[in-house]
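Take a look at the chain shown here. Where can its coordinates be read in detail, and where is caution needed?

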Amino acid sequence: MAAAQGRLSDGAGGMDDANEGDRDGSTSAPLPFRAAVDALRATRLRPQIEVEPTPAPKRLAPFAYALEATVVDGEQDLADGRLVLLHDPAGHDAWRGTFRLVTLVRAELEPEMAADPLLPDVCWSWLTGALQARGLTYGEPSGTVTRASSHYFGGLAERPAASQIEIRASWTPREGLGGVPDTGAHLASWCDLLAQVAGLPPAGPGDASVVTLPQRRGPQSR
């Protein structure tokens with residue numbers, strides 16, 4: 001298993017507007033933020049999940065750190081996502097804290113599964129369940145679950161219809177000693193969600209309650 005690695009940035013923003021900051025925040029960032037990032041970097045993850053740094057998006061907070069991950073099976077991708085840690089030392093009214101975690105998770109599904117009216121509720125429960133399974137306390141959760149379908153015509157008519165599930169969410173992790181949240185545990189729970197959406201079996205006896213996604217599409221070539 002590889003530890004999550006990455007780099008600090010001095011900016012933060014929307015998940016679709018990832019641009020690297022103008023300077024490296026590793027020395028200028030507040031101590032709680034640096035400690036939270038160090039915990040992310042040191043987290044050990046299951047080998048099917050490849051994690052690497054990505055430029056942190058801007059404008060949402062003075063400090064941000066971002067990781068992207070892919071669930072892989074050999075040369076095939078099963079799901080992917082991005083996790084961003086935001087920090088505003090002055091606090092944020094909407095967050096009710098000084099830290100915020102923002103995520104995007106995506107995976108392809110069978111069209112029949114994507115049409116299930118209960119799927120959005122189930123996917124949201126996977127997120128909250130992954131946090132609760134590790135005993136994490138959090139506040140102000142918000143997000144969306146989106147289903148998208150593509151149908152091909154004309155010269156592309158031979159392609160099968162494709163459906164994708166996308167989870168966008170954010171939550172405020174509880175701050176512990178020194179005002180630092182347990183970001184390593186939050187990263188691990190986020191990876192539990194990625195694995196569940198990808199249809200992987202539980203990682204161990206402690207994850208026996210995880211219910212994997214049925215009828216997902218075949219893995220995509222890398």
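The paragraphs below go from the overall layout to model confidence and then to one helix.

This is a predicted model. The chain holds 4 helices and 8 strands. In sequence order they run β-α-β-β-β-β-α-α-β-β-α-β. The chain has 222 residues, and 44% of them count as buried. Its exposed surface is about 10,800 Å², with 50% supplied by carbon and sulfur atoms. Among contacts with a separation of 6 or more, 69% join residues 24 or more positions apart.

Now the confidence. The mean pLDDT of the chain is 80. Of its residues, 78% reach 70 or more. Helix α1, residues 31–42, has the highest confidence, at 94. Strand β1, residues 8–9, has the lowest, at a mean of 36. Over residues 1–25 the pLDDT stays under 50. The model still gives that stretch 99 contacts beyond four places in sequence. Residues 205–221 also have a pLDDT below 50. For them the model has 47 contacts beyond near neighbours in sequence. Where pLDDT is low, predicted coordinates should not be read in detail.

Turn next to helix α4, residues 183–198. How far apart should its ends be? At 1.5 Å a residue, its 16 residues should span 22 Å. The end C-alpha atoms are 22 Å apart, so the model agrees with the expected span. Is α4 enclosed or open to the outside? Buried here means under 20% relative accessible area. By that cut-off, 16 of the 16 residues of α4 are buried, so the helix is largely enclosed by the rest of the structure. G199 follows α4, and its phi is positive, near 85°.

Key:
Residues are numbered from 1 along each chain as its sequence is written. This is a predicted model: local features need pLDDT of at least 70, side-chain atom pairs count only at pLDDT 80 or more; totals for chains, interfaces and linings use all residues. Side-chain values use heavy atoms; hydrogens and water are left out. Helices (H or I, at least four residues) and strands (E, at least two) are DSSP runs, numbered from the N terminus. Buried means under 20% relative accessible area, exposed over 50%, partly exposed in between (1.4 Å probe, protein chains only). Contact means heavy atoms within 4.5 Å. Accessible areas come from the Shrake-Rupley method with a 1.4 Å probe; for residues, only the protein chains shown count as cover. pLDDT is the predictor's confidence in each residue, from 0 to 100. The expected span of a helix is 1.5 Å times one less than its number of residues.
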